[in-house]
Every structure is written in C-alpha cells, then in structure tokens.
Amino acid sequence: MLQALLFTLALAAAQAAPAPMRARLSPVPVDATTQTTITGLGSASATLSGTTLAIEGTYKGLKTAATTVKVFESPQRGLRGPLVGQFAAGGGTSGAFSGTVTLTREQAAAFAKGLLYVQLQSEKAPDGNLWGWLLAPKGRR
C-alpha cells in the first residue's frame, strides 16, 4: 500500500514538473555606437524547480568575451524589464554558460507566462550583447 502511494506521488510530481523553456539568443537592438560591438547568436534553456530557475546555453560569434548572463522580467514580450538575477558567463567569444537564479512566486508565474528573458553581456557590450525570451516549445503555448 505504501509503495503504491509513493509511486502515485512520484508520478504526480513528474507530471507536474514543467518542461524546459527555450530561447533563441540574437543581438540586442543596436544603434550607431554599438553596431560594431554587438554580434553573435546562441540559445538557452531554462527549467524551474520550486523557485530555482536553472539556465544553460551556448553562444558564438561575439566580438569580445562574454561576462555575465542576466535574467529580466518583462511586462510583455519584446519590452525591456527589471533585473531578476544574474550569474557569470563562460567567458570567451564562444562557449557555454549555466547558472541558477532564485525567483519570487510572482517571477515564477511570469516565467510560466513567457515573460522572462535572458541577456548575455560581453566586455564591449556591458548593457547586453545577445538576448532572448524564455518560451515554451511550440505546441505547449
């Protein structure tokens, strides 16, 4: 009886666990002063466990070394929003990154709605080099 209950609870937890959100990282909007420093592309995925958001990704084609990965909450997709958290990037002009950010319940709800975005900073683009919204794969939206 106890084994059946434990199995049922484990199954329910597995079904409740959200699938990873994904982001395509592309250059942030550029202007005349940043067009020579902002380049590259990448991807990221994020999984929420409780209030811990685990993010991993890759990037390539930056002009200067990656420095930090920042997570922001947007009021709606496509608009900039306030900082949620950050962690160190892998360094180099191409590479990988991974880290965690602790969210509030409200930020976790925003993540589920696709309102969090990832922004990769680099040495010559400290205000953002690549960014992308963390969205559910097509078919889950």
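Start with the contact map of the whole chain. Among contacts with a separation of 6 or more, 60% link residues 24 or more positions apart. This is a predicted model. The average pLDDT is 87, and 85% of the residues score at least 70.

**Whole chain**

Show the cartoon. Two helices and eight strands appear in the chain. Read along the sequence, they follow α-β-β-β-β-β-β-α-β-β. Now colour by burial. Of the 141 residues, 39% are buried. Switch on the surface. About 8000 Å² is exposed, and carbon and sulfur atoms supply 57% of that area.

**Residues 4-16**

Select residues 4-16 and colour by pLDDT. The score stays under 50 over this stretch. The model has zero contacts beyond four places in sequence for residues 4-16. Where pLDDT is low, predicted coordinates should not be read in detail. Hide the stretch and move on.

**The sheet**

Select the strands. Eight of them form an open sheet in the order 5-4-7-8-1-2-3-6, with antiparallel pairing. Strand 5 (83-88) and strand 6 stand at the edges. Each has a single partner strand, so one side of each is left without a neighbour in the sheet. From one strand to the next, the twist averages 25°.

**Strands 7 and 8**

Zoom in on strand 7 (residues 116-122) and strand 8 (residues 125-133). Five bridges pair them in the antiparallel sense. The two strands form a hairpin, with two residues between them. Pick serine 122; its bridge partner in strand 8 is alanine 125. Then pick valine 118, whose bridge partner in strand 8 is glycine 132.

How many of the nine residues of strand 8 are buried? Seven are, so colour by accessibility and you will find the strand mostly covered.**Strand 1, between strands 8 and 2**

Add strand 1 (residues 21-27) to the view. Two bridges join strand 1 to strand 8, and the two run antiparallel. Label serine 26: tryptophan 131 stands opposite in strand 8. Label proline 27 next; here leucine 130 in strand 8 stands opposite.

Turn to the pairing with strand 2. Strands 1 and 2 also run antiparallel, joined by five bridges. Methionine 21 stands opposite alanine 46 in strand 2.

**Serine 45**

Centre on serine 45. Its place is in strand 2 (residues 41-49). Is serine 45 buried or exposed? Serine 45 counts as buried because its relative accessible area is 14%, under the 20% cut-off. Show the residues around serine 45. Beyond four places in sequence, serine 45 touches Met21, Arg22, Ala54, Ile55 and Glu56. Of these, Met21 has been met already, opposite alanine 46.

**Glycine 99**

Go to the edge strand 6 (residues 95-102) and select glycine 99. Which residues does glycine 99 contact, leaving aside neighbours within four places in sequence? They are Leu53, Ala54, Ile55 and Phe87. Ala54 and Ile55 are also among the residues that serine 45 touches. Now draw a distance from glycine 99 to alanine 89. The two C-alpha atoms are 8.4 Å apart, and the residues are 10 apart in sequence.

**Helix 2**

Select helix 2 (residues 105-112). Its buried residues are Gln107, Ala108, Ala110 and Phe111. Look down the axis. These residues lie on the same side of helix 2 because they cover an arc of only 160° around the axis. Rotate to the face turned away from the buried side. Exposed residues Arg105, Glu106 and Ala112 sit there.

Step past the end of the helix. Just after helix 2, glycine 114 takes a positive phi of about 80°.

**Glutamine 76**

Keep glycine 114 in view and add glutamine 76. The C-alpha atoms of these two residues are 8.6 Å apart, with their positions 38 residues apart in sequence counted as separation. Glutamine 76 has its place in the loop between strand 4 (66-73) and strand 5. How exposed is glutamine 76, and what is its relative accessible area? The residue is partly exposed, with a value of 47%. Show its contacts last. Leaving aside neighbours within four places in sequence, glutamine 76 is in contact with Leu115 and Trp133. Trp133 falls within strand 8 (residues 125-133), one of the strands in the hairpin.

Conventions: Residues are numbered from 1 along each chain as its sequence is written. This is a predicted model: local features need pLDDT of at least 70, side-chain atom pairs count only at pLDDT 80 or more; totals for chains, interfaces and linings use all residues. Side-chain values use heavy atoms; hydrogens and water are left out. Helices (H or I, at least four residues) and strands (E, at least two) are DSSP runs, numbered from the N terminus. Buried means under 20% relative accessible area, exposed over 50%, partly exposed in between (1.4 Å probe, protein chains only). Contact means heavy atoms within 4.5 Å. Accessible areas come from the Shrake-Rupley method with a 1.4 Å probe; for residues, only the protein chains shown count as cover. The arc is that of the directions from the helix axis to the C-beta atoms. pLDDT is the predictor's confidence in each residue, from 0 to 100. Two strands pair if DSSP finds at least two bridges between them. Axes are lines fitted to C-alpha atoms, for helices over the stretch in contact, and angles run from 0 to 180 degrees between N-to-C directions.
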